[in-house]
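Hi everyone, thanks for coming along. Let's take a look at the chain on the screen together and see what we can learn from it.

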Amino acid sequence: MDYHHVQAPFEIVLWIMLASLAKLGFHWSGRVPAVVPESCLLIMVGLLVGGVIYGVRHSAPPTLSADAFFLFLLPPIVLDAGYFLPGRLFFENLGTILWYAVLGTLWNVLGIGLSLYGVCLLAGSSLGDVTLLHCLLFGSLIAAVDPVAVLSVFQEMHVNEQLHILVFGESLLNDAVTVALYKLFESFLRLPSVSGADVLLGGCRVVVVGLGGLCIGLFFGLLAALTSRFAIRAQVIAALFVFLYSYLSYLTSEMLHLSGIMAIVTCAVTMKQYVEANVSERSNTSIQYFLKMWSSVSETLIFIFLGVSTIQDVHMWSWTFVCSTLLLCLVWRATGVLLLTAVVNKLRRNAVTFRDQFIIAYGGLRGAICFSLVFLIDDFPKKRLFITTTIVLILFTVFVQGMTIKPLVELLEVKRKKRALPTVSAEIHGRVIDHLVAGIEDVVGYWGQHYWKDKFEHFNRTYLRPFLIRKDRQGGSSILRVYQELERREQRGDEEAPPPPLLAEARIQSRPLLPEEMDSIRQILSRNLQNFHNKQTPAYSRHSLHQEAAAGRTGRPLHRHHSLGERNTRDTSTHGPQGEFGQLSSSRRLRSGLSRSHTVCSMSLRPVHQDPEVPSQGGPTESSGREDEHESVGRAPRKQINFFLENEKQ
């Protein structure tokens, strides 16, 4: 047996299989998902597997290397988060998110680093060899709020949109800042001495790293959109360009020592609307499924390897250092959120409430990013202590804070997310409000977010869309595009969240309908509701693809109500002079087949008898018209609105 020939791919497949089975077992574990977050159970599985490996081999199990995490596991998770990022909410709260991500991270890094250095000085000889730069380096990696851990917990709670986007956006951009600060302090450690000029250049380097990643992502995003324009004859590989250009932007940024996280998020946000317009519905479905599958597998592997990597021989324990780190992380994050929110609330129309501030401060979960960064530290006597403290902090935040944050949300009665389905009318009214506010800002001379958003939409509609989208995809109605976007959003809305256990049990216990009951339901629906199409749209499932659903949906024309002027014109041309009085032909009334009733309003300018005893008829006849001609001239004519039920053929 030649096991060494297939050892690497075989072990990779086994790890992926273990992660998938653990995730599957979690969702079939009854009421456990309602109490324990998925990340906690996966870490416990990793601890169990690591213990078994350690007991059998009598050596440390394999660890999650930093290269494997940053180059293979983190990109799909960040790409999924950026591609499905709620753009409207994100850009409306972008100032607050940057306020938390940049200034909040600096506050935490400096506060934790300086405080830990003071603790080391007070501890004496046991921690005396830890320098200030080592404490700042450790503070930069320990302040990284992990988006993987945050997403896995907050998606299960369904908090309100503003709170979710603030926590998620801050954790997403926080990583770019912490990685840049980590590399900065790491370069300072390798210098013989640090001067003020080095600090100034380091600050400029952090800005360049972030802006450079932003530019790289923007370039590859526009390039992906342009490539998808010419993929009409090869729709099979059209979805592949989304992953290739995104991953290429991440690798290019890492190669140039820029922010790969900023690059891949910017690339995903940039190319999304153009790629979705160019590719087919089947390709869009393939992109959605593959992104969700790829990110879910990566997230599961990360948490399992966190548990496996905990079983090590490199631990060093210090009660003073570990407990001080836990306390300082909580204190500095809470004070930072309170102080920064007090400032930013003066500039926001919708203030961040105290309950939301508590959840933001309490939801600062740590994960695989700080775990991977701590192993990259150059060897020095207290590196093992840093590794042990990082693992303890990860387990504390994921288990203690992750398991108690949901009861706290319910106890504090934090506003939850509205579960109502999105509607076209709500979206259109929102756009009307945006245009109205943008016009008001333009009139008063105030350049707010609506003003700049309106300018960007004009630039996008005039220059970018004609250049990046095919001509046959540009002429569609904006309302139709809104409808298609809401349909995609509704399909992928709650696919990650499994049905509640009680609901699942109720579905299992419910009996199937009898044939006569089904016939009765069909008769009721055929008499009272609209026409049933032969090809039904299947329900959205993340485990199977319905390829014909999109084709059947897009091939069916959208029926619209005719306006009042069109109704009057059509009636006039069909029924002659009597059409303007609302006459409907008998053939129109006696259409066969399933139909939908619409209320049609016809308006006529004719004198009306003011005798209340005379009932109003559905439509005027010729005799009533002649009688009206002999009415007194002095009687003022008035408008009368007649309503008819018109059967419109489906």
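Among contacts in the chain between residues at least 6 apart in sequence, what percentage join residues at least 24 apart? The answer is 81%. Before I go on, please keep in mind that this is a predicted model.

Let's start with the whole chain. Along it you will find 26 helices and two strands. There are 650 residues, and 41% of them count as buried. As for the accessible surface, the total is about 35300 Å², and carbon and sulfur atoms account for 65% of that.

Now for some pairs of helices. Please find helix 1, residues 7-27, and helix 3, residues 38-57. Their axes are 10 Å apart, and the two pack at an angle of about 135 degrees. How do we describe that angle? Roughly antiparallel would need an angle over 145 degrees, so helix 1 is called oblique to helix 3. The crossing of these two helices is right-handed. From helix 1, the residues at the contact are Trp15, Leu18, Ala22, Lys23, Phe26 and His27. They meet Glu38, Leu41, Leu42, Val45, Val49 and Ile53 from helix 3. Sorted by class, this contact of helix 1 with helix 3 has nine nonpolar residues, one polar and two charged.

Here is something handy to remember when you read lists like that. An α-helix has 3.6 residues a turn, so residues three or four places apart point the same way.

Our second pair is helix 7, residues 132-142, with helix 17, residues 383-411. Here the packing angle is about 25 degrees and the axes are 12 Å apart. Angles under 35 degrees count as roughly parallel, so that is the description for helix 7 and helix 17. Helix 7 makes a right-handed crossing with helix 17. On the helix 7 side we have His134, Phe138, Leu141 and Ile142, which meet Phe386, Thr389, Thr390 and Leu393 in helix 17. The contact of helix 7 with helix 17 divides into five nonpolar residues, three polar and no charged.

Next, helix 16, residues 368-375. Why do we say that helix 16 is largely enclosed by the rest of the structure? Because seven of its eight residues are buried. Those buried residues are Ala368, Ile369, Cys370, Phe371, Ser372, Leu373 and Val374.

Let me finish with a few single residues. Asn160 sits in the loop between helix 8 and helix 9. Is Asn160 buried or exposed? Its relative accessibility is 6%, so Asn160 counts as buried. Asn160 and Arg416 are 256 residues apart in sequence, but their C-alpha atoms are 4.5 Å apart in space. Leaving out residues up to four places away in sequence, Asn160 touches Asp356, Val414, Lys415, Arg416 and Lys417.

Over in helix 10, look for Leu222. Its relative accessible area is 30%, so Leu222 is partly exposed. Beyond its neighbours within four places in sequence, Leu222 is in contact with Thr270 and Leu468. The C-alpha atoms of Leu222 and Met271 are separated by 6.1 Å, with their positions 49 residues apart along the chain.

Last of all is Thr252, found in helix 11. With a relative accessible area of 14%, Thr252 is buried. Setting aside neighbours within four places in sequence, Thr252 is in contact with Ile216 and Phe220.

Thanks for listening, everyone!

Technical notes. Residues are numbered from 1 along each chain as its sequence is written. This is a predicted model: local features need pLDDT of at least 70, side-chain atom pairs count only at pLDDT 80 or more; totals for chains, interfaces and linings use all residues. Side-chain values use heavy atoms; hydrogens and water are left out. Helices (H or I, at least four residues) and strands (E, at least two) are DSSP runs, numbered from the N terminus. Buried means under 20% relative accessible area, exposed over 50%, partly exposed in between (1.4 Å probe, protein chains only). Contact means heavy atoms within 4.5 Å. Axes are lines fitted to C-alpha atoms, for helices over the stretch in contact, and angles run from 0 to 180 degrees between N-to-C directions. Angles under 35 degrees count as roughly parallel, over 145 as roughly antiparallel, 65 to 115 as roughly perpendicular and the rest as oblique. A crossing is left-handed if the near helix is turned anticlockwise from the far one by less than a right angle, and right-handed if clockwise. Ala, Val, Leu, Ile, Met, Phe, Trp, Tyr, Cys and Pro count as nonpolar, Asp, Glu, Lys and Arg as charged, and the others, Gly among them, as polar. Accessible areas come from the Shrake-Rupley method with a 1.4 Å probe; for residues, only the protein chains shown count as cover.
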